[in-house]
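Reader: Please take one part of this chain and look at it closely. I would like the open and enclosed spaces, and then the packed interior around them.

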Amino acid sequence: MFDRSPIFFIIFAIFLITKPFFSLAIRSFPNEEGGVYGFNEAPEYRNGVGCPLIATGTSPLTSCNASLVHIAMTIDSEYLRGSMAAIHSVLRHASCPEQVYFHFIAAEFNRVSPRVMTQLVESIFPSLNFKVYIFREDIVVNLISSSIREALENPLNYARNYVGEIFDTCVTRVIYLDSDIVLVDDIKKLWDTELGNDRVIGAPEYCHANFTKYFTDSFWSNSNLSKVFHSKNPCYFNTGVMVMDLGKWRGGNYRGKIETWMQIQKTKRIYELGSLPPFLLVFGGDVEPIDHRWNQHGLGGDNVRGSCRSLHPGPVSLLHWSGKGKPWVRLDEKRPCPLDYIWEPYDLFKKNQGSKTSKLKVHHFQHQQQQMGLLSGGANPVGYSNYFIQ
């Protein structure tokens, strides 16, 4: 028998009233190992002065709104923690965070379903404007060749090839971002990049890199293949940060051009490095160059050892842990690289929240950033901006 005394009902009522407040702190969802993902709810961010007005009414903001900044990212269970930190960093530094619209691509058969992914994102970022698209892996799985690292063979790595077909046709421009990045600057600055000369994508280029090493000797010795670069001056670029004109992408059938090179790779083995080389083959020499500050890449180290690396010379707006080593893994294993402390303040995973160690690391990070001068104008990317609503 239940206790029906007045005291019982008072306690039960208090529990019902306060329960929602308790549940706001940590958001937990099943993970692929039978445990739970636990994330803190992110702060709420609002537009600053001078931002475009958002249409009022009861209708939700749609991806066709002309005032939006569109960001495309993949989302899956393996890189979920990195994705949440990346989103958090974008919102924290955006001057107009309510104008940012995220397009998430989720694998159809991921261990955490797209439906659960949607619920998780909604719980962590309740006011986020976003849409989740289901990626059918079967359209690309038979085109994927073995790579130097197994993780590079994940079909979701190739989802960027299909954004033109996956997204709503009213979306004609996006910034594509990998999940292992953090921004320390306003995303609107990158969005405002102009793509001249009918170029389809823009990205930071690295012309000092040895471009030939991204393809095999059999490629360079085959004049029918290597002629793709004749009369061009191709430079290496990283596909983890790209501004993409989807109107031109769709009109030029760039999905088909990339798939053609992947089919050639299946029979002739012309490269070793996953999803990057087909982009180099199609766009090398035809990329709108963007300032290097928007992709300080390679912070995950090389693809074999994942060794620590330092920043490239110059200012920084975006840090990218491309390579084998990921900051959340190294921090959990207590073997972080110095730059991993830059990633940590954006982490919403409950494990690192509120501890003395975490606070000490944030202090260390603040001091380190002051020394490196990561942002122009002396801004402190750790502290919440003027657009943060306490």
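Author: What follows goes through the spaces and then the packing.

The model is predicted. Its mean pLDDT is 82, and 77% of the residues reach 70 or more. Two stretches fall lower. Residues 7–25 stay under 50, and the model gives them six contacts beyond four places in sequence. Residues 32–36 are also below 50 in pLDDT, with 10 contacts in the model beyond near neighbours in sequence.

Now the overall frame. The chain has 390 residues, and 52% of them count as buried. It holds 13 helices and 15 strands. Among contacts with a separation of 6 or more, 73% join residues 24 or more positions apart.

Start with the open spaces. The largest pocket has a volume of about 1200 Å³. Its lining counts 46 residues, and the closest to the centre are Asn238, Leu273, Asn303, Ser322 and Gly323. By class, that lining splits into 15 nonpolar, 21 polar and 10 charged residues.

The second largest pocket holds about 300 Å³. It is lined by 18 residues, with Arg46, Glu98, Ser127, Leu128 and Asn129 the closest to its centre. Here the division is 12 nonpolar, two polar and four charged.

Next, the enclosed space. How many cavities of 30 Å³ or more does a search of the whole structure find? One. Its volume is about 40 Å³. Ten residues line this cavity; Ile144, Ser145, Tyr158, Tyr271 and Gly274 are the closest to its centre. The lining has five nonpolar and five polar residues, and no charged ones.

Now the packing. In soluble globular proteins, nonpolar side chains tend to be buried together. The largest nonpolar core in this chain has 48 residues. Phe167, Phe215, Phe237, Met244, Trp249 and Phe283 have the most contacts inside it. Helix 10, residues 276–283, gives the most to this core: six residues.

Take Phe283 from that list. Beyond four places in sequence, Phe283 is in contact with Val200, Ile201, Phe237, Trp249 and Tyr254. Two of these partners, Phe237 and Trp249, are also among the residues with the most contacts inside the core.

Another core lies apart from this one. It has 42 residues, among them Tyr45, Ala94, Val241 and Leu318.

One residue deserves its own view: Phe135, in strand 6, which covers residues 129–135. Is Phe135 buried or exposed? It is buried, because its relative accessible area is 1% and the cut-off for buried is under 20%.

Who surrounds Phe135? Setting aside neighbours within four places in sequence, its contacts include Ile105, Ala106, Ala107 and Glu108. Val140, Pro155 and Leu156 are also in contact with Phe135. So are Ala159, Tyr162 and Ile166. Glu108 counts as charged, whereas Val140 counts as nonpolar.

Phe104 gives a distance to set beside these contacts. Phe135 and Phe104 are 31 residues apart in sequence, and their C-alpha atoms are 9.8 Å apart in space.

How values were computed:
Residues numbered from 1 in each chain as written. Predicted model: local features only at pLDDT ≥ 70, side-chain atom pairs only at ≥ 80, totals over all residues. Heavy atoms only, no water. pLDDT = per-residue confidence, 0-100. Contact = heavy atoms within 4.5 Å. 1 Å grid on protein atoms, 1.4 Å probe; cavity = no way out; pocket = protein on both sides within 12 Å on 5 of 7 lines; lining within 4 Å. Points joined across faces, edges and corners; volume = space filled by probe spheres on them. Helix = DSSP H or I, 4+ residues; strand = E, 2+ residues; numbered from the N terminus. Buried < 20%, exposed > 50% of the residue type's maximum accessible area, 1.4 Å probe, protein only. Core = buried A, V, L, I, M, F, W, Y, C linked by side-chain atoms within 4.5 Å.
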